[in-house]
Each structure stands twice: as C-alpha cells, then as structure tokens.
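Student: Can we walk through this one together? I'm new to it.
Tutor: Sure, let's open it up.
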Amino acid sequence: MSLVQMSRFSITRLVLCSQNHHFLLSSSVSPLITSKRTVIQEPYRRPGQPKENKFPWEKINFDLSKGLKGIKKNFALLKKEFAERWVGPEGKQIIEHMLEQNRVVWEFRGEESLEEWTVSSDREIGGQSEAYLKLGRNNNTCLLYGTLSSTPPRDGETRYSGYCTMRSKQKLASFDRKKHFDWTSFNTLHLRVRGDGRPWMINIGCQTFFSHQNDDIYSYFLYTRGGPYWQDVKIPFSKFFLTHRGRIQDDQHCLWLDKVNTIGFTLGDKVDGPFQLEIDFIGVCKDYAHTEDFAYEVYKRNPEV
C-alpha cells in the first residue's frame, strides 16, 4: 500500500469515527436540550393514560339534525345580541350603565342555575376526594360539599393530591363565540357565603392573547368563619395576583376587568375530612373608598437609568 493510499484510508477512518461520536453525543444530549416551555405547555394527561393521536376533525360528531338545531339556536342568539346592542351596553340604557354601582352576576334560584357550574376534584387524576353541588335548604342558595383526601394516587408519578373545585362555565354567544364579562365600572368582588372555617381560593379567569397564557388565572384567598351566620365578603380586584398552573408568577399585572370569563372556588388546605361552602350570590360593586390600583410590585421592563 502506497503512502497516498494510507493517508486517504486514515482520513476516511477519522471522519467516520468523528461522525459516529457526534451521533452518539447528540442522541444522549438531545433530551437535555429540549425546550422546557414546550413540555410545560402540553395539555394535562393522566399518568399511565395513552396519548390520543387523532386529528381535530376526527373528534367531531357530524349529525345533520343536530346541526339544524344549532343553526336555529345561534341565529336566535344573534338576533338577541343585535337587540341588546341597539338598546345600549349589555342591553341597558347608557345612563343606567354609567350609574350602576352594584351588579349580581351569579345567583342560585333553581336547578337551571346549577347547570352554569362545573364541579371537579382530584378523583379525575386517581385521587380519593369527592365534591358535589346541590341547592340549599330553601332552594335559594347553592351548597358545595364533599370530602377532601390528600392521599395521592398509586400511579408512580403523582406525589401530591387533595383538591376540590367549583368553576363557572364559559359564557357563549352566537356561533360558539366566547362572551366576556365587562367589569370595568367596578373595583370590588362581593360575595355572600357561609362556610365551615376552611380557607378557600377564589380564581378568576380572563381572556388571553397567546396560547401559553391559557392557564393564567388571578387568585386571592377567601377565609370563612364557620358557624350558622352568613358573611358578606368584599375583595378588591387589586388584591388578585397572577398565577400559572398553581404557581405565582414574578411578573405581576392587574386583573383585566374587560374580558372576564370565569370564576371558581378551590379547596386544597391539606386537611382531610368533610367540607361545605354555601353561596347565596356572587356580584361586583363599586367601592369609592378604595383607590388602590394594584397591591403588588410591578417590574419595569426598561428601567430608567
């Protein structure tokens, strides 16, 4: 073998070894350099549940009769929207809208009012908590009751458990468009509740602009006294802080009152046993004595030098 052939053979061997080493290195490092943001923003899937690989159109149930009923319903809602806009904001006269100081948003006066709410617990992820919703004794209130259990499911992945929640359903306009609450004329949340002494978390969901903000909610605490007496709770909107999937965010900003979607109540105080929370109404009001814009520190993106 000549000197030229030996040099070509050594160069080829060196290139193959370097390519093989680069392949092994990239295959071992690729899981470490995967963007954590993409992993976090995936929809929740219960541990052990297989991944559903279906296209969006494969999940739609095509039914002609159901479609005709939906068209009739949506055109009726559209007609109602035009009529309300013709009268004024939210179907009220402009003077009444400007001078309004109190508004009852949710009240419970029949079985149909319970259909506007969704109740869930950690049983959906394999836990043992239970939560139920029913009308009160006089059919004028709602009673959220059940049993809280912090025992985690035995799936090998979930370490913490023990929560129960009640959340209002998303209001829909015609053709399944999201309908938002406009609370810009108010600055305080007003509730009339009767609890058992447990602390709750009030969660308000707003419309967001980007998909990674879909799980952003504004939260604050609700401390119930317990006993047979009702308590009127007034919480300024400036006290609500921003959270994302249960974690308080460093970059805080005030609640967007012009695009409120839902409100919810969550119990997760890690005290096993029965619980109950009775709600008379949920409303908003204008408190002229409260002048605070936001209760928490706001960071400047471009601080002045």
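Tutor: One definition to start: a charge sits over a ring if NZ of Lys or CZ of Arg is within 6 Å of the ring centre and within 35 degrees of the ring normal. Keep in mind that this is a predicted model.
Student: OK, so which ring does the charged end of Lys-286 sit over?
Tutor: That of Tyr-288, with 5.7 Å to the ring centre.
Student: And what about Lys-134?
Tutor: Its charged end is over the ring of Tyr-145, 5.1 Å from the centre.
Student: Switching to ring pairs. How many aromatic pairs are there?
Tutor: The structure has 17. One of them is Trp-106 with Trp-183, an edge-to-face pair. Their centres are 6.4 Å apart, and the planes make 85 degrees.
Student: Where do those two sit in the chain?
Tutor: Trp-106 is in strand E1, and Trp-183 is in the loop between strands E5 and E6, so the pair ties together parts 77 residues apart in sequence.
Student: Are they buried or exposed?
Tutor: Trp-106 and Trp-183 are both buried.
Student: What kind of pair do Phe-237 and Phe-240 form?
Tutor: A tilted one, 6.2 Å centre to centre with 40 degrees between the planes. Phe-237 counts as buried because its relative accessibility is 4%, under the 20% cut-off. Phe-240 is buried too, at 0%.
Student: New topic: the surface. Which residues form the nonpolar patch?
Tutor: Leu-64, Leu-68, Ile-71, Phe-75 and Phe-175, with about 550 Å² of accessible area together.
Student: Where is Phe-75?
Tutor: In helix H3, residues 64–87. Phe-75 counts as partly exposed because its relative accessibility is 49%.

Technical notes: Residues are numbered from 1 along each chain as its sequence is written. This is a predicted model: local features need pLDDT of at least 70, side-chain atom pairs count only at pLDDT 80 or more; totals for chains, interfaces and linings use all residues. Side-chain values use heavy atoms; hydrogens and water are left out. Patches are made of residues with over 30% relative accessible area and no salt bridge: like charges are joined within 9 Å, nonpolar side chains (Val, Leu, Ile, Met, Phe, Trp, Tyr) within 5 Å. Accessible areas come from the Shrake-Rupley method with a 1.4 Å probe; for residues, only the protein chains shown count as cover. A salt bridge is a side-chain nitrogen of Lys or Arg within 4 Å of a carboxyl oxygen of Asp or Glu. Helices (H or I, at least four residues) and strands (E, at least two) are DSSP runs, numbered from the N terminus. Buried means under 20% relative accessible area, exposed over 50%, partly exposed in between (1.4 Å probe, protein chains only). Rings of Phe, Tyr and Trp (its six-membered ring) pair if their centres lie within 6.5 Å; planes under 30 degrees apart count as stacked, over 60 as edge-to-face and the rest as tilted.
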